[in-house]
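Work through these exercises with the structure in view. Try each task before reading its solution.

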Amino acid sequence: MDKKKKNNRQNVKQEIKQQEIKQTVKNEEKKTEETINKAEEKKVIKDTDKKEETAVKKVVDKLNAVIQRVKNASPEGKKTVAIAGVKVVLPILAAVIVIATIVSLVKTKNDKQGAEAAYMTEVSTENASSTVSEPLEKDAYPEVNAMAEKLYKALADGDMETVKSVIDYIDDIKLIQLEKTSEYIESYKNITCYTKKGLEENTYFLYVTYDAKLNDAETLMPGLMTYYVYAAEDGTLKIDGDMEENINAALKIYTSQDDVVDLFNKIDVEYKEAVASDEELNTLMTELSSKIKTAVGEELAQIEVSESATQEQTETTSETEANTEEVAAEQPQTQIVNEQVKTTDTVNVRSSDSEEADKIGRVEEGTVLTRVESRINGWSKVIYENKEAFIKSDYLEVIATNEVTEQADASTENTPVADTSAETTTKTTGTVTAKTNVNVRNAAGQTADTIGVAKGGSSYKLLENQGDWLKIEFKGQIGFVKAEFFE
């Protein structure tokens, strides 16, 4: 009985051990399959170099060999095979995990380098592989050098319009900073352009080195600026003033390369040597930043005040214009005058009060004319070659004013109206002489059409004395004038 129990216990123990071995094998098979799947999913073989690819293949082969040995082993030998397999599997698993971890770290190294990694994988894997390896070129593109020379001359001269023509976008604050900086810069010398090809055709990563001559320092100040250059639609080169994320990421990658780092270090050393050797330059550079910052702040404050004043002025002007329009509507559009005027410049003479009217002549500066009407629209009616014509009032200067003989009555229609004076009409003969320049009309009435101007001192044949009006012969036609202005 005891012997039978003992045998049963041994059988149970053996069965338990076999089950444990089977479970261990299953677990190892599962882990191995999962590892292989992860390796395939992450494309470890594709993303690593040839050495890593060979190593991974060996790892997979060994894993498969272990699995096969476990499957082929007899129940009694599976424990031994499993233990030996575990000794092989654990280092293999560790190697695979390390490789997978490295790939993962490369892809998500940290937030700072994430944009660079995204750029390399998403945007320009092909471009980056070719461009990154290219060396930094010095003054390789004449058109790039010409653009840089134009830009830095404008920066020294404070010519912000030219600066804006080269840089496609620049905000107001940056523009003010550049303008204020130019006040301390006499010129930029020794401009050199270092380039690497950009992400697309006719684009460049540009590193410009220069020596700046400050106004109050003898020693030149070395400097370096970085840009991204592209060709516009018209073929001219422009600087990208608002770079997209992928370009910024690429610029960081290129700028971290050895040849570019060496260039930055070279300029840094030259700058430190310059300020160390020239106390005035050192002082200027120490104070320059704060001076420019203060100047920019003052400029922005002035702009704000100016904008406020402009807004108030605009509101006031609108009110004034509205009031002016109301007043103008109440005023007569034409004022009858009798003036001697002189032209202040050579000016066209037109058939009516409009720049679209026919041009009937031109008078030189200093020509004396008689003005008979001054119109609110900016035109004057004058006597030109014994005819009525029009000239812009801005080009006329009054040199003598005669007594106004009559005033326009805006309420009366422009039709001849006979004088209703009770005086007797008398037909006479002889001549009368004008005391001053006076209008000649086609009828005896202030609203009759003007056919000319009788000049002061000129004599005319008298045809009829109508009391307040005289009927005269005027240039071969009948005309009427106010008697009080003749003798």
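**Exercise 1. Find the loop that holds N386, then describe the backbone and exposure of N386 and E385.**

Solution. This is a predicted model.

- Step 1: Locate N386. It lies in the loop between β10 and β11. E385 sits in the loop between β10 (379-384) and β11 (387-392).
- Step 2: Recall the usual backbone. Most residues other than glycine have a negative phi.
- Step 3: Check the two residues. N386 is not a glycine, yet its phi is positive, about 65°. E385 is not a glycine either, and its phi is positive too, near 55°.
- Step 4: Judge exposure. The cut-off for exposed is over 50% relative accessible area, and buried means under 20%. E385 has 61% relative accessibility, so it counts as exposed. N386 has a relative accessible area of 41%, so it is partly exposed.

**Exercise 2. Trace the open sheet formed by five strands, and state which strands stand at its edges.**

Solution.

- Step 1: Write the order. It is β1-β2-β3-β4-β5, with antiparallel pairing.
- Step 2: Find the edges. β1 (137-138) and β5 (237-239) each have a single partner strand, so one side of each lacks a neighbour in the sheet.
- Step 3: Recall what joins strands. Strands of a sheet pair through backbone hydrogen bonds.
- Step 4: Look at one pair. Strand β2 (residues 185-197) and strand β3 (residues 203-214) run antiparallel and are joined by ten bridges. T195 stands opposite L206 in β3.

**Exercise 3. Which strands does helix α7 lie across, and which does helix α11 lie across?**

Solution.

- Step 1: Take α7 (residues 142-157). It lies across β2, β3, β4 (221-231) and β5. Its angle to β2 is about 150°.
- Step 2: Take α11 (residues 258-277). It lies across β2, β3 and β4. Its angle to β4 is about 145°.

**Exercise 4. Compare the span of α7 with the expected value, then list its buried residues and their packing partners.**

Solution.

- Step 1: Check the span. α7 has 16 residues and reaches 23 Å from its first C-alpha to its last. That is close to the 22 Å expected at 1.5 Å a residue.
- Step 2: List the buried residues. They are V144, N145, M147, A148, L151, Y152, A154, L155 and A156.
- Step 3: Recall helix geometry. An α-helix has 3.6 residues a turn, so residues three or four places apart point the same way.
- Step 4: Name the partners. The buried residues of α7 pack against α8 (160-166), α9 (172-182), β2, β3, β4 and β5.
- Step 5: Look past the helix. Just after α7, G158 takes a positive phi of about 75°.

Note on methods. Residues are numbered from 1 along each chain as its sequence is written. This is a predicted model: local features need pLDDT of at least 70, side-chain atom pairs count only at pLDDT 80 or more; totals for chains, interfaces and linings use all residues. Side-chain values use heavy atoms; hydrogens and water are left out. Two strands pair if DSSP finds at least two bridges between them. Helices (H or I, at least four residues) and strands (E, at least two) are DSSP runs, numbered from the N terminus. Contact means heavy atoms within 4.5 Å. Axes are lines fitted to C-alpha atoms, for helices over the stretch in contact, and angles run from 0 to 180 degrees between N-to-C directions. The expected span of a helix is 1.5 Å times one less than its number of residues. Buried means under 20% relative accessible area, exposed over 50%, partly exposed in between (1.4 Å probe, protein chains only).
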